[in-house]
Amino acid sequence: MSSEETEDLYTGTDFYCDVAIPHTDRLEVVHEDEWVLAFHHTRPYWVIHVVVVPKRHIASLTSVSAADEADVRALLSIVREIARDVEASHGAAAVLTNLGAYQDSKHLHVHIHSGRRLDQG
C-alpha cells in the first residue's frame, strides 16, 4: 500500500503518531533522527512540499510547554536546515504550521514548501 493510499484511508486524528512515525518505510524520508522526522508530503499541495514533525506527540504549536523545549528546538533546527536547502535549490521557500480547525492531524507539524500550488496548474 502506498503512503498516499494509507493517508486516503486513514480516519484517525494523528496521522503522524499512528502511521508516519511507525511506518517510515512508506514515506520518502528527507531526515530522521531520534527527535524529528521529515518527509515529502504524501499528498503535496506544492511542487516541493516537505513535512517536519517531532517524534514525540505534541498536539500543536499553541500547546507547547516548557517540557517540550528539547523537542521543539530539535524540530526548528531541522526546519531551518531543510528550508535553507529548499531556498538554495529553488530560490524561495515558505514555512508554515496550521492551528485549530486548519490542523487536520492533531500533531505539531511544519510544512516547508516551494513552487506553484499543484491545484493551480
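Q: Which residue in β5 does Trp46 stand opposite?

A: A bridge partner is read by looking across from one strand to the next. In this predicted model, Trp46 stands opposite Arg117 in β5. The two strands concerned are β3, residues 46-54, and β5, residues 110-117; six bridges join them, and they run antiparallel.

Q: What stands opposite Val50 in β5?

A: The partner of Val50 is Ile112. Ile112 of β5 also has a partner in another strand, since Val95 stands opposite Ile112 as well. Val95 brings in strand β4, residues 94-96, which pairs with β5 in the antiparallel sense over three bridges.

Q: With which strand does β2 pair, and over how many bridges?

A: Strand β2, residues 36-40, pairs with β3 in the antiparallel sense over five bridges. One of the pairs to locate is Leu37, whose bridge partner in β3 is Val53. The connection between β2 and β3 is a hairpin of five residues.

Q: How should side chains along a strand be read?

A: In a regular strand the side chains alternate between the two faces of the sheet. Burial is then a separate matter, to be read residue by residue. In β3, eight of the nine residues are buried, so this strand is largely enclosed by the rest of the structure.

Q: Is Pro54 buried or exposed?

A: The general idea is to compare the relative accessible area with a cut-off: a residue counts as buried under 20%. Pro54, found in strand β3, has a relative accessible area of 0% and is therefore buried. Its surroundings can be listed by contact: leaving out residues up to four places away in sequence, Pro54 touches Ile21, Trp35, Leu75, His107 and Leu108. A distance along the chain may also be set beside a distance in space: Pro54 and Asp85 are 31 residues apart along the chain, and their C-alpha atoms are separated by 19 Å.

Q: Where does Thr97 lie, and why does it count as partly exposed?

A: Thr97 lies in the loop between β4 and β5. Partly exposed is the class between the buried limit of 20% and the exposed limit of 50%. Thr97 is partly exposed because its relative accessible area is 27%. Beyond its neighbours within four places in sequence, Thr97 is in contact with Leu61, Leu108 and His109. For His109, twelve residues from Thr97 along the chain, the C-alpha separation is 6.3 Å.

Q: How many helices and strands does the chain have, and which pattern do they follow?

A: The chain has three helices and five strands. Read along the sequence, the pattern is α-α-β-β-β-α-β-β.

Q: What radius of gyration does the chain have, and what would a compact globule have?

A: The general idea is to set the value beside that of a globule with the same number of residues. For 121 residues a compact globule would have a radius of gyration near 14 Å, and the chain agrees because its own value is 14 Å. Along its principal axes, the C-alpha trace spans about 40 × 30 × 30 Å.

Q: What part of the chain counts as buried, and what part of the contacts links residues 24 or more positions apart?

A: Of the 121 residues, 38% count as buried. Among contacts with a separation of 6 or more, 55% are between residues 24 or more positions apart.

Q: How can the surface and the charges be read?

A: The accessible surface is about 6900 Å², and 51% of it belongs to carbon and sulfur atoms. The chain has 10 positive and 19 negative charges, whose mean positions are 4 Å apart.

Definitions and conventions: Residues numbered from 1 in each chain as written. Predicted model: local features only at pLDDT ≥ 70, side-chain atom pairs only at ≥ 80, totals over all residues. Heavy atoms only, no water. Pairing = 2+ DSSP bridges. Helix = DSSP H or I, 4+ residues; strand = E, 2+ residues; numbered from the N terminus. Rg over C-alpha atoms; globule rule 2.2 N^0.38 Å. Buried < 20%, exposed > 50% of the residue type's maximum accessible area, 1.4 Å probe, protein only. Contact = heavy atoms within 4.5 Å. Areas by Shrake-Rupley, 256 points an atom, 1.4 Å probe, with all protein chains shown as cover. Lys, Arg positive; Asp, Glu negative; His and termini not counted. Charge placed at Lys NZ, Arg CZ, Asp CG, Glu CD.
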